[in-house]
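Here are my comments on the model you sent round. Please read them with the sequence and the coordinates open.

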Amino acid sequence: MSAPTTLAPAPQAEPMTHRRTLEALSGLLLVLFVAMLSSTVVSTALPKIIGALNGTQTQYTWVVTATLLTATATTPIWGKLADLFNKKALVQTAIVIFVLGSVVAGLSQNAGQLIAARAFQGIGVGGLQALVQVVIAAMIPPRERGRYNGYLGGVMALATVGGPLLGGLIVDTSWLGWRWCFFVGVPIAIIALLVLQATLHLVTVRRQNVKIDYLGATLIAAGVSVLLVWISFVDGSFDWLSWQTGAMVGAALVLLGLAVVVEARAAEPVVPLDIVRQGTTALSIVASLAVGMAMFGGAVFLGQYFQIGRGYSPTEAGLLTIPMMVGVLASSIVAGRLITRSGRIKPYIVVGAILLVAGFLMLGTIDHQTSLVFISGAMLLVGIGVGMTMQNLVLAVQNAVPLKDIGAASSSVAFFRSLGGTIGVSVLGAVLARRVTEQITQDLTAAGIPASGAGSAGGSLNLSGLPDAVAHIVRNAYGDATGHIFLISAAIAVVGVIAAALLKPVTLRTSLDLPDPATSAATAAGAIDGAPIDGAPPATDPAPDAGGDPTLTPHTGGRRP
């Protein structure tokens with residue numbers, strides 16, 4: 001049944017009270033919590049999970065990469081679908097996919113099955129990450145959205161703090177076991193599904209003759225997947241200069257090149273090139289790519305550093321990451337409220353990007369004996385940087401595009417951020433594995449222990465199966481090698497600082513949609529003598545961006561009847 005064309009938009013366009021907004025946000029915040037929890041709950045538990053499944057360092061990286069890969073490849077598709085179909089139904093569909101993937105992951109019998117399940121789960125995660133931002137943008141004007149970004153930051157911090165703690169507690173509790181790291185999100189996701197059904201009410205504007213760009217979506221997903229698979233295996237399974245590299249990189253470039261051609265001609269492109277080419281969007285994408293590479297690529301190995309490199313339990317490792325999450329929570333709330341008060345967003349993004357670099361530079365100096373106080377200070381800076389940049393880069397893009405394109409624009413930023421995170425995890429994981437193996441070989445030789453087993457020692461994360469002397473060498477190798485990947489993260493994050501500095505200073509708008517240029521100009525001109533000019537709508541006419549609500553019509557005078 002199609003929605004009425006004149007009366008339906010009015011209820012949604014009416015200004016929402018703070019209470020109504022929070023009620024509508026409750027289910028979305030639960031969804032965001034579930035999506036983030038799926039990654040953070042396994043961060044500290046993953047060494048034990050891979051050890052229990054007799055996995056390797058490469059498989060360790062792929063458990064994380066698989067989810068990021070499918071989430072990245074599907075994010076722009078979810079975003080475009082949100083511009084065409086019912087956003088609430090899409091969010092609920094993503095939740096169902098996420099739940100099914102979680103259950104299968106929890107039932108995995110080996111590392112390969114776990115990686116496959118996490119890949120399927122990532123399809124749902126991609127939808128949740130993209131759609132939550134899109135739905136919020138459809139409810140709250142950009143100026144006010146800075147205020148509510150604090151709530152998003154709080155959920156991010158809770159998931160990122162509570163996830164590692166919960167994951168560590170689960171694997172340290174004998175009667176639960178690691179499988180509950182995946183099962184634990186299922187009841188929360190189901191609750192989120194029910195809450196959304198009760199609290200989220202969005203008007204569906206049905207469009208006629210909708211054309212979905214299946215070809216473009218397929219080419220983008222295939223091209224990105226081939227590229228990320230190459231990044232994950234290069235310098236491990238084959239050399240940088242090899243026929244495998246030529247074949248995979250060549251195939252990825254061809255697929256992505258064809259995707260650009262298709263997107264330029266498609267009636268409803270998955271990634272609208274005219275939006276991506278806009279200055280604010282392009283710079284935000286570059287900054288998000290750098291932030292994603294630095295944050296995901298660096299932070300995902302902190303749990304491994306504390307457990308493998310320092311010998312702490314999963315629960316203790318989760319507690320040790322609290323400073324980073326405190327930084328995310330505090331900075332997102334404070335920056336969000338200051339942005340809403342002033343309407344200015346660029347200064348906070350720039351400062352956050354600089355602090356992110358500073359934090360990673362500090363982490364780049366750590367080894368297996370570094371003071372935990374120093375590490376905590378560095379993680380705090382990283383957390384503050386993340387809290388001031390991630391959500392606000394999305395907000396900057398949403399402020400620059402019309403409401404009808406908000407899904408594609410928001411998902412484009414999320415897409416490149418996830419792409420950066422996937423590349424970061426893959427590249428830094430490969431660097432870490434190589435440095436660890438080299439250092440283990442060197443230290444075994446120096447200790448007079450036969451180095452023939454160095455490869456297996458470096459590849460296995462099940463330290464309980466190694467002799468004490470070898471396990472000690474492995475721990476030191478991981479502790480010393482981790483600092484190098486944080487230095488790489490800092491170098492990558494510098495690109496984010498440059499992109500943030502080049503952003504155009506703007507004041508966030510207070511309306512949900514961009515004003516129609518013709519209507520705004522005519523109304524402003526007509527208001528000079530107190531009456532509309534020929535062809536201009538009267539002051540009481542509904543503005544196109546307000547969805548039919550006269551209270552949001554830009555005008556300079558006159559009373560409403």
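The points below go from the overall fold to single residues, and then to empty space and side-chain pairs.

1. Basis and overall make-up. The model is predicted, and the values in this note should be read with that in mind. The secondary structure consists of 22 helices and zero strands. The protein has 561 residues, and 54% of them count as buried. Among contacts with a separation of 6 or more, 82% join residues that are 24 or more positions apart.

2. Q59. This residue sits in helix α4, which covers residues 57–84. Is Q59 buried or exposed? Its relative accessible area is 24%, so Q59 falls in between and is classed as partly exposed. Leaving aside residues up to four places away in sequence, Q59 touches I50, N54, A111 and I115. The C-alpha atom of Q59 is separated by 7.9 Å from that of G112, and the two residues are 53 apart along the chain.

3. K88. Helix α5 contains K88, and this helix spans residues 87–106. The relative accessibility of K88 is 13%, and because buried means under 20%, K88 counts as buried. What does K88 touch, not counting residues up to four places away in sequence? The partners are L196, Q197 and L200.

4. Second largest cavity. The model has three cavities of 30 Å³ or more. The second largest of the cavities holds about 50 Å³ of space. Its lining is made up of L37, S38, V41, F98, S102, Q121, C181, F182, V184 and G185. Two or more of the lining residues come from each of α2 (18–40), α5 (87–106) and α8 (180–183). By class, the lining of this cavity has six nonpolar residues, four polar and no charged. Helix α5, which supplies part of this lining, is also the helix that holds K88.

5. Second largest pocket. The space in the second largest pocket comes to about 330 Å³. There are 14 residues in its lining, and L256, V260, V271, F415 and F416 are those nearest the centre of the pocket. Which helices each supply at least two residues of this lining? They are α10 (214–233), α11 (243–265), α12 (273–276) and α19. The most comes from α11, which gives four residues. The lining of the pocket divides into 12 nonpolar and two charged residues, with no polar ones.

6. Aromatic pair in α8. The count of aromatic pairs is four. One of them joins W180 and F183: the ring centres are 5.4 Å apart and the planes stand at 85°, which makes the pair edge-to-face because the angle is over 60 degrees. Both residues belong to helix α8 and are three residues apart, so about one helical turn separates W180 from F183. The two differ in class: W180 is partly exposed at 40% relative accessibility, whereas F183 is buried at 18%. Helix α8 is also one of the elements that line the second largest cavity.

7. Aromatic pair Y305 and F306. Here the ring centres lie 5.3 Å apart with the planes at 65°, so this pair is edge-to-face as well. How accessible is Y305, and in what class does that put it? Its relative accessibility is 1%, so Y305 counts as buried. F306 is likewise buried, with a relative accessible area of 1%.

8. Salt bridge. The structure holds one salt bridge. The side chains of E438 and R434 form it, with 3.4 Å from N to O. Why are these two residues about one helical turn apart? They lie four residues apart in helix α19, which runs over residues 406–446. E438 has a relative accessibility of 46% and counts as partly exposed. R434, at 45%, is partly exposed too. Helix α19 also supplies at least two residues to the lining of the second largest pocket.

Key
Residues are numbered from 1 along each chain as its sequence is written. This is a predicted model: local features need pLDDT of at least 70, side-chain atom pairs count only at pLDDT 80 or more; totals for chains, interfaces and linings use all residues. Side-chain values use heavy atoms; hydrogens and water are left out. On a 1 Å grid over the protein atoms alone, a cavity is a set of points where a 1.4 Å probe fits but cannot get out, and a pocket is an open set with protein on both sides within 12 Å along at least five of seven lines; lining residues have an atom within 4 Å of a point. Grid points are joined across faces, edges and corners, and a volume is the space filled by probe spheres set on the points. Ala, Val, Leu, Ile, Met, Phe, Trp, Tyr, Cys and Pro count as nonpolar, Asp, Glu, Lys and Arg as charged, and the others, Gly among them, as polar. Rings of Phe, Tyr and Trp (its six-membered ring) pair if their centres lie within 6.5 Å; planes under 30 degrees apart count as stacked, over 60 as edge-to-face and the rest as tilted. Buried means under 20% relative accessible area, exposed over 50%, partly exposed in between (1.4 Å probe, protein chains only). A salt bridge is a side-chain nitrogen of Lys or Arg within 4 Å of a carboxyl oxygen of Asp or Glu. Contact means heavy atoms within 4.5 Å.
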